[in-house]
Amino acid sequence: MKSLIVCFVVLMGLLTLPDKTRAIGESVIGIKPKKYKVGDSIRVRATIIYPQHTGFGKDKKGRILPTLFIKKVQVYYIDKVIISMELTPYLSQNPFIEFKVKVTKAGLFKIVWTDNHGRKFVKSIKIKPTR
Amino acid sequence: MSNPQKSIKGFLNKLAKTKTSILGLSLIISVLLSIHPSNGISKRTVNRGKAKTVKPETTKSSMDKLRKEAIKSGRVKLRAPIIAENGAIVPVQVQVSSPMTKKDYVKMIVIIIEKNPVPLLVKVHFTPESGHAYFSTRVQFAKTSIVRAYAVMSDGKVYYNSKLVKVSHGCVQG
């Protein structure tokens with residue numbers, strides 16, 4: 001009887017686990033290495049969940065998928081644009097970008113993604129250099 | 001060793017004896033005429049019209065000249081796989097060696113994939129505050145093609161690098 005209850009609990013637990021699939025427009029920023037000082041250069045890696053439809057692809061029923069892609073990326077470091085990019089639909093699905101930045105002082109790091117319809121997706125991360 | 005002039009004369013005599021000699025000689029003469037610039041038909045027509053006898057530069061040659069003067073190889077490091085199994089995700093990495101000061105920095109990096117329906121892939125604008133001219137992404141390839149990376153400097157010079165990427169399975173959307 002006890003084992004049955006344990007089985008039941010485990011099953012329910014598995015069913016109620018949070019869904020790992022991310023919604024469209026969710027973005028992630030990562031910084032490497034994790035510990036850095038002022039004057040060091042860090043690698044910033046960012047991705048966004050987005051379907052990159054080029055306008056040539058078709059769905060399962062044979063209908064042409066309209067273009068839908070990330071068009072512009074702006075990188076802010078302490079309220080100033082450091083890097084800006086103009087992208088085209090031929091970046092791979094869930095586009096990933098990586099660049100290097102020199103740490104000057106502590107502050108907010110913000111990445112703004114804009115798609116071809118003008119929708120904006122913002123994600124920010126704090127930069128805390130160790131002393 | 002026989003005299004070369006004599007040997008040529010003998011060769012010509014032999015040619016004259018044969019039936020095909022006339023055709024061959026005429027061919028040689030026509031080729032020689034076409035090679036020599038003074039015998040070109042285009043120049044004669046130009047002279048008749050009393051126009052300036054300056055050879056008109058074709059667009060291709062002038063473009064080649066411009067490329068040689070303006071675009072230089074070097075300074076740009078391009079990393080991409082030689083063979084990519086999946087054309088949907090191909091990592092491409094570009095790095096430009098530059099001090100990134102206010103006087104001398106990289107303004108823009110442009111990546112082009114030749115055989116894609118939209119060849120221009122990305123334009124990345126840098127500022128001196130960014131510290132490094134480095135960029136990497138994952139790219140969709142329609143089929144096997146050359147990747148080109150151009151770096152535009154703040155003083156207007158352009159450096160470039162290229163690499164061939166063989167794709168065994170092109171991406172579905174391309």
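A polar contact is a pair of N or O atoms within 3.5 Å; within protein, one must be able to donate a hydrogen and the other to accept it. Keep that cut-off in mind for the first residue below. The model is predicted.

## A threonine in a loop

Start with Thr54(A). This residue sits in the loop between strand 2 (41-48) and strand 3 (70-77) of chain A. The side chain of Thr54(A) reaches the backbone nitrogen of Phe56(A) at 3.4 Å. Is Thr54(A) buried or exposed? Thr54(A) counts as buried, because its relative accessibility is 7% and the cut-off for buried is under 20%.

## A buried isoleucine

Now move to Ile42(A), which belongs to strand 2 of chain A. The relative accessible area of Ile42(A) is 0%, so this residue is buried. What does Ile42(A) touch, leaving out residues up to four places away in sequence? Its contacts are Ile31(A), Lys32(A), Pro33(A), Tyr36(A), Phe99(A), Lys100(A), Val101(A), Val103(A) and Ile127(A). Take Lys100(A) from that list. Ile42(A) and Lys100(A) are 58 residues apart along the chain, yet 5.6 Å separates their C-alpha atoms.

## Charged pairs

Side chains of opposite charge can pair when their charged atoms come close. How many salt bridges are there over all chains? The count is seven. The table shows some of them.

| Pair | Closest N to O distance |
|---|---|
| Arg63(A) and Asp59(A) | 3.3 Å |
| Asp115(A) and Arg119(A) | 3.2 Å |
| Arg148(B) and Glu114(B) | 2.8 Å |
| Glu86(A) and Lys123(B) | 3.7 Å |

The partners can be compared by their exposure. Arg63(A) is exposed, with 52% relative accessible area. Its partner Asp59(A) is partly exposed at 25%. In the next pair, Asp115(A) is buried at 3% relative accessibility, while Arg119(A) is partly exposed at 44%.

The pair in chain B also has a buried partner. Arg148(B) forms a salt bridge with Glu114(B). Arg148(B) lies in strand 8 (residues 145-153), and Glu114(B) lies in the loop between strand 5 (106-113) and strand 6 (120-125), so the salt bridge ties together parts that are 34 residues apart in sequence. Arg148(B) is buried, with a relative accessible area of 19%. Glu114(B) is partly exposed at 34%. Elsewhere, Arg43(A), Arg45(A) and Glu98(A) are joined into one network by salt bridges that share partners.

## A sheet built from two chains

Strands of a sheet pair through backbone hydrogen bonds, either parallel or antiparallel. Here, six strands make an open sheet, and the pairing is antiparallel. The order is 1(A)-2(A)-5(A)-7(B)-4(B)-2(B). Which strands form the edges? They are strand 1 (27-32) of chain A and strand 2 (76-79) of chain B, each pairing on one side only. Direction ignored, neighbouring strands of this sheet are turned by 15° against each other on average.

Look at the chain B end of the sheet. Strand 2 of chain B pairs with strand 4 (residues 90-96) of chain B over four bridges, in the antiparallel sense. One bridge links Val76(B) to Val96(B) in strand 4.

## Where the chains meet

The size of an interface is often given as the accessible area lost when the parts come together. Between chain B and chain A, the buried area is about 2,500 Å². Carbon and sulfur atoms give 53% of this area. On each side the number of residues is stated: 27 residues of chain B are in contact with 27 residues of chain A.

Two salt bridges cross this interface. One pairing between the two chains is Glu86(A) with Lys123(B). There are also twelve residue pairs in polar contact between chain B and chain A. Strand 6 and strand 7 (131-139) of chain B each supply at least two residues to the side of chain B that touches chain A. Which strand gives the most to that side? Strand 7 of chain B does, with eight residues.

## Chain B as a whole

Chain B has four helices and nine strands. Along the sequence, the pattern is α-α-α-α-β-β-β-β-β-β-β-β-β. Of the 174 residues in chain B, 28% are buried. Consider contacts in chain B between residues at least 6 apart in sequence: 59% of these join residues at least 24 apart.

Conventions:
Residues are numbered from 1 along each chain as its sequence is written. Chains are lettered from A and ligands numbered from 1 in the order in which they are written. This is a predicted model: local features need pLDDT of at least 70, side-chain atom pairs count only at pLDDT 80 or more; totals for chains, interfaces and linings use all residues. Side-chain values use heavy atoms; hydrogens and water are left out. A salt bridge is a side-chain nitrogen of Lys or Arg within 4 Å of a carboxyl oxygen of Asp or Glu. Buried means under 20% relative accessible area, exposed over 50%, partly exposed in between (1.4 Å probe, protein chains only). Two strands pair if DSSP finds at least two bridges between them. Axes are lines fitted to C-alpha atoms, for helices over the stretch in contact, and angles run from 0 to 180 degrees between N-to-C directions. Contact means heavy atoms within 4.5 Å. Buried area is the accessible area (1.4 Å probe) that two parts lose on being put together, summed over both.
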